[in-house]
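Thanks for coming. I will take a few minutes to walk through one structure, and you can follow along on the screen.

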Amino acid sequence: MKEVFREKQMKNKKSLNLILLGISLAIAVILLLIFPDKQTVVTRTAWNFLVEMLQILPAVMVLMGLFAIFVPNKLIVKYLGSSSGIKGVLLALLIGALPTGPLYVAFPMASALLKKGARISNIIIFLSAWACIKIPQELMELQFLGAYFMALRLSLTILFVIAMGAIIEKIMLWSKN
Amino acid sequence: MHIYASAQYGGYVVSTTTVFINILALVALFIAFIKDRKKTKQSLIIALKSFIKILPALLLVIVFIGLFMGFVPRDQISRIIGNQAGFWGIFIIALFGAISHIPSLISFPLGASLIESGASLTAVAAFITTLTMIGIITLPVEIKELGKKMALLRNGLSFLIAITIAFIMGAIL
């Protein structure tokens with residue numbers, strides 16, 4: 001039942017995107033007909049970005065597909081649930097960063113891990129890594145925003161995410177007592 | 001803006017990153033193929049499906065980038081989210097990143113186009129960080145699985161962190 005619902009939601013989202021695409025294309029055509037002098041800039045910019053994305057996205061998708069099939073979720077839960085200390089933190093970061101699916105896939109896993117007794121801080125780190133330090137994302141960032149930007153944002157994010165894990169764990173444990 | 005050479009106008013610059021990622025994917029594919037043909041085929045089907053799934057959003061962002069660069073004047077952008085922009089400019093774009101539901105892979109070219117059209121690094125860092133870390137759309141699922149307190153704490157603190165990271169980056173770069 002739930003799966004069917006989710007599938008339906010996905011379909012709705014897909015058609016919404018298509019409708020939005022149609023509307024924005026129509027707006028683009030009208031705007032460019034009214035302002036013909038903008039045609040070159042707009043089409044050339046759009047085309048350059050499209051070409052650049054098509055050079056990189058298929059490869060990124062292939063990497064994600066390979067991971068989805070060769071590294072099953074069960075394996076991830078098994079490794080994360082049984083590690084602690086610095087090793088636990090590193091593993092949470094690393095596993096979160098693997099090129100796996102969207103964030104909502106990670107919530108049930110996080111919930112299962114919590115029930116198994118994994119540390120709250122590690123779960124937060126795992127979720128945050130899953131959300132924003134994923135390898136495919138870093139590759140796109142490297143491509144479009146450059147190495148400095150990517151490396152700096154990555155290291156700051158890792159630092160702050162670890163701190164956030166500790167803070168949330170403190171608050172959760174404190175409010176329980 | 002030399003670091004953004006890969007997003008330059010005119011001529012197709014195939015960057016080293018592009019070459020690196022494609023070789024990486026090919027090598028991984030080759031190894032997977034030797035290990036297990038059937039699983040590799042399944043992986044490719046998943047890859048193709050997710051590519052088709054992201055395509056409408058990708059084209060949407062491309063059209064948006066084109067119109068944006070063509071029609072929104074540079075000085076307007078830099079006034080709101082450029083180097084002269086104050087805290088509130090950053091706050092607004094961070095909020096925008098938190099509520100919008102753009103596939104994170106596509107947020108990077110979007111960020112590059114924003115920088116090219118006058119936005120500051122701080123603004124783009126804030127936008128990308130909130131966009132990836134915070135999920136308003138997925139919040140109900142997160143609350144259901146992890147509880148209200150933890151979900152709200154994670155999203156709320158992520159917002160503060162994103163803005164802090166952005167300002168540190170602006171100060172360093």
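I will start with one chain, go on to the interface, and then turn to charged and aromatic side chains.

Please keep in mind that this is a predicted model. The values I quote are computed from it.

Let me begin with chain B. Chain B has 8 helices and 0 strands, so the order of elements from the N terminus is simply α-α-α-α-α-α-α-α, with helices defined as DSSP runs. Its C-alpha trace spans about 55 × 50 × 30 Å along the principal axes. Of the 173 residues in chain B, 50% are buried. If you take the contacts in chain B between residues at least 6 apart in sequence, 74% of them join residues at least 24 apart.

Now the interface. How many residues of chain B are in contact with chain A? The number is 81 residues of chain B, against 79 residues of chain A. The two chains bury about 7400 Å² between them, and 80% of that is on carbon and sulfur atoms. Three residues, B:Phe71, B:Leu105 and B:Met150, supply 9% of the area that chain B buries against chain A, which is more than any other three residues.

On the polar side, there are 0 salt bridges across the interface of chain B and chain A, and 7 residue pairs in polar contact between them, counting pairs with both residues at pLDDT 80 or more. Several helices of chain B each supply at least two residues of the side that touches chain A, namely α1, α2, α5, α6, α7 and α8. The largest share comes from α2(B), with 23 residues.

One charged residue to point out here is A:Lys38, which lies over the face of B:Phe71, at 5.7 Å from the ring centre. B:Phe71 is also one of the three residues I named for buried area.

Next, the salt bridges. Over all chains, the search finds 3 of them. In chain A, the side chains of A:Arg119 and A:Glu169 meet in a salt bridge, at 2.6 Å from N to O. A:Arg119 lies in the loop between α5 and α6 of chain A, and A:Glu169 lies in helix α8 of chain A, so the pair ties together parts that are 50 residues apart in sequence. Are the two partners buried or exposed? A:Arg119 counts as partly exposed, at 45% relative accessibility, whereas A:Glu169 counts as buried, at 12%.

Another salt bridge in chain A joins the side chains of A:Glu141 and A:Arg153, at 2.8 Å from N to O. Here helix α7 of chain A holds A:Glu141 and helix α8 of chain A holds A:Arg153, so the pair ties together parts that are 12 residues apart in sequence. Both A:Glu141 and A:Arg153 are buried.

In chain B, B:Glu142 forms a salt bridge with B:Arg154, and their closest N and O atoms are 2.6 Å apart. B:Glu142 is in helix α7 of chain B and B:Arg154 is in helix α8 of chain B, 12 residues apart. The relative accessible area of B:Glu142 is 0%, so B:Glu142 is buried. B:Arg154 also counts as buried, at 1% relative accessibility.

The last topic is aromatic side chains. The structure holds 10 aromatic pairs over all chains. In one of them, A:Phe126 and A:Trp130, the ring centres are 5.5 Å apart and the planes are at 75 degrees, so the pair is edge-to-face. These residues are 4 apart in helix α6 of chain A, which means about one helical turn separates them. Both A:Phe126 and A:Trp130 are buried.

An edge-to-face pair in chain B is formed by B:Phe91 and B:Phe159, at 5.6 Å centre to centre, with 85 degrees between the planes. B:Phe91 lies in helix α4 of chain B and B:Phe159 in helix α8 of chain B, so this pair ties together parts that are 68 residues apart in sequence. B:Phe91 counts as partly exposed, at 25% relative accessibility, while B:Phe159 is buried, at 13%. These two belong to one aromatic cluster with B:Phe87, B:Trp88 and B:Phe167.

Back in chain A, A:Trp130 has the charged end of A:Lys134 over its ring, 4.3 Å from the centre.

I will finish with B:Thr122, which is in helix α6 of chain B. B:Thr122 counts as buried, at 11% relative accessibility. Leaving out residues up to four places away in sequence, B:Thr122 touches B:Ile90, B:Ala166, B:Phe167 and B:Gly170. B:Phe167 is also a member of the aromatic cluster.

Notes: Residues numbered from 1 in each chain as written. Chains lettered and ligands numbered in written order. Predicted model: local features only at pLDDT ≥ 70, side-chain atom pairs only at ≥ 80, totals over all residues. Heavy atoms only, no water. Phe/Tyr/Trp six-rings, centres within 6.5 Å; stacked < 30°, edge-to-face > 60°. Buried < 20%, exposed > 50% of the residue type's maximum accessible area, 1.4 Å probe, protein only. Lys NZ or Arg CZ within 6 Å of the ring centre and 35° of its normal. Contact = heavy atoms within 4.5 Å. Buried area = accessible area lost by both parts, 1.4 Å probe. Salt bridge = Lys/Arg side-chain N within 4 Å of Asp/Glu carboxyl O. Polar contact = N/O pair within 3.5 Å; in protein donor to acceptor, adjacent residues only side chain to side chain.
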